[in-house]
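Colleague: Please take one part of this model and go over it closely with me, then follow on to whatever connects with it. I'd like the cut-offs spelled out as you go.

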Amino acid sequence: MTSSILDWIWSESFWLPQNVTWADLERPPPGEEYPRMRDILYALPLAVCVFLLRMLFERLVAKPCAQILQIQAGVPRQAQPNAVLEKVFQSKACPDTRTLEGLSKQMDWDERKIQRWFRVRRNQDRPSVQKKFCESMWRFTFYLGIFIYAIRHLWVSPWMWDTRECWYNYPFQPLSAGQFNYYVAELAFYWSLMFSQFIDIKRKDFIIMIVHHLATIFLITFSYANNMLRVGTLVMCVHDASDIFLEAAKLANYAKYQRLCDGLFVVFSISFFITRLVIYPFWVVYSVLVESWEIVGPYQAWWLLNGLLLVLQTLHIIWFYLIARIAIKAIFKGKVAKDDRSDIESSSDEEIDSSSGKNPSQTLNPKDNNHTVNPNGDTHNH
């Protein structure tokens, strides 16, 4: 029973080009290696190691850096204990007008006082700026390190300069140590992101990021299993490039270097546009859609692969719309403003209105919001 299910899942007629079998990939020429699916399983225990390494990095490296920059953890104001409001808060952190009116009558409290209680209660659970700084510093370090490693590997690879090389003699292309290390490291990182997504700072695009991570993990695993490593390394490298500037902009934001933050965010916006809306669709996706069709020919998994690549491109367009809005504000108003997918725990527009008489369009303090859009995953994150 188990064997028949596995045979169905790993059907050769689905995953591989015509007249190619899994047995063919198990018999590489002497001195060469082809990818083996079981090897990619190393990424799962490595993901745990990556997560533990992150905890150590944040405690031993990022936190001291935050303290040097005088980014304090801070102690949030505690809401006055109230069983009735706490019960409502557990089911609805931002009560609507009808709920507020009902609570006002039930407790004989002014609605503004109830709104203040909910605002303080929400802020009580918010992560500190120091925690956000540590999280961004870890991502910045990983993206920078893995991007440098990828460029060193790809710079001497012929398929970086001629994408048709990705498909010549496919799928009988040898696996190099650089490709294996890059794949396992990226997959372990995205598995660790997938797990930590539930304990990290929660944002409004939580579901989008889950979809992104799942699509990325599946693409990495799928491309490794059927030896699409050459185009796979290009996809991952393109996605990592702009994330470096995003995390750098966040670090400058949390450290209150506003001009540096604005400049880095504009650089990030430009790099995001170039890598994900120009290079990715017109270089990488074009190669998978057109060049692979010409050289290898389509097969069933080919359609799935291109569908997932186009899902990622759709996410890129959505994210760039959000990024462009913030970048335009940074250029014309001189300061990165509150974004449309800020941390869930941030105050609502109504609360901003009611606090200190500020206008909701006024620029927010870095301590109150995460001002930057996090596209990947990242991406991302792939």
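Modeller: Let's start with Pro 95, which sits in the loop between helix H5 (83-91) and helix H6 (97-107). A helix here is a DSSP run of H or I of at least four residues, a strand is a run of E of at least two, and both are numbered from the N terminus. Bear in mind that this is a predicted model: local features need pLDDT of at least 70 and side-chain atom pairs count only at pLDDT 80 or more, while totals for chains, interfaces and linings use all residues. Residues are numbered from 1 along each chain as its sequence is written, and side-chain values use heavy atoms, with hydrogens and water left out.

Back to the loop. Pro 95 counts as buried because its relative accessibility is 14%; buried means under 20% relative accessible area, exposed means over 50%, and partly exposed is in between (1.4 Å probe, protein chains only). Gln 115 is 20 residues from Pro 95 along the chain, yet their C-alpha atoms are separated by 8.5 Å.

Moving on from H6, you come to Asp 108, in the loop between H6 and H7. Its phi is positive, about 60 degrees, although Asp 108 is not a glycine. That's worth a second look because most residues other than glycine have a negative phi, and most peptide bonds are trans. Unlike the buried Pro 95, Asp 108 is exposed, at 70% relative accessible area. Lys 256, in the loop between H12 and H13, also has a positive phi, near 70 degrees, without being a glycine. Lys 256 is partly exposed, with a relative accessible area of 48%. As for the peptide bonds, Tyr 170 and Pro 171 are joined by a cis one, with omega about 5 degrees. You'll find Pro 171 in the loop between helix H9 (158-161) and helix H10 (177-196).

Next, the charges around H7. Arg 77, Arg 112, Lys 113 and Arg 116 come together as a positive patch on the surface. Patch members have over 30% relative accessible area and no salt bridge; like charges are joined within 9 Å, and nonpolar side chains (Val, Leu, Ile, Met, Phe, Trp, Tyr) within 5 Å. Lys and Arg count as positive and Asp and Glu as negative, with His and the chain ends not counted. Each charge is placed at NZ of Lys, CZ of Arg, CG of Asp or CD of Glu. Within this patch, Lys 113 belongs to helix H7 (residues 111-124) and is partly exposed at 37% relative accessible area.

Other charges do find partners. A salt bridge is a side-chain nitrogen of Lys or Arg within 4 Å of a carboxyl oxygen of Asp or Glu, and by that rule there are 7 salt bridges. Among them is Arg 54 with Glu 58, whose closest N and O atoms are 2.8 Å apart. Both lie in helix H4 (residues 43-68), 4 residues apart, which is about one turn of the helix. Arg 54 is buried at 5% relative accessible area, and Glu 58 is buried too, at 12%.

Arg 276 pairs with Asp 243, with 3.1 Å between the closest N and O atoms. Arg 276 is in helix H13 (residues 258-295) and Asp 243 in helix H12 (residues 229-254), so this bridge ties together parts 33 residues apart in sequence. Both partners are buried. H12 has a bridge of its own between Lys 250 and Glu 247, at 3.9 Å from N to O. Those two are 3 residues apart, about one helical turn, and both are buried.

H13 has another side to it. Ile 270, Phe 273, Ile 274, Val 278 and Phe 282 make a nonpolar surface patch of about 480 Å². Accessible areas come from the Shrake-Rupley method with a 1.4 Å probe, and for residues only the protein chains shown count as cover. Ile 274, in helix H13, is partly exposed at 39% relative accessible area.

Zooming out, the chain has 15 helices and 0 strands. Of its 382 residues, 51% count as buried.
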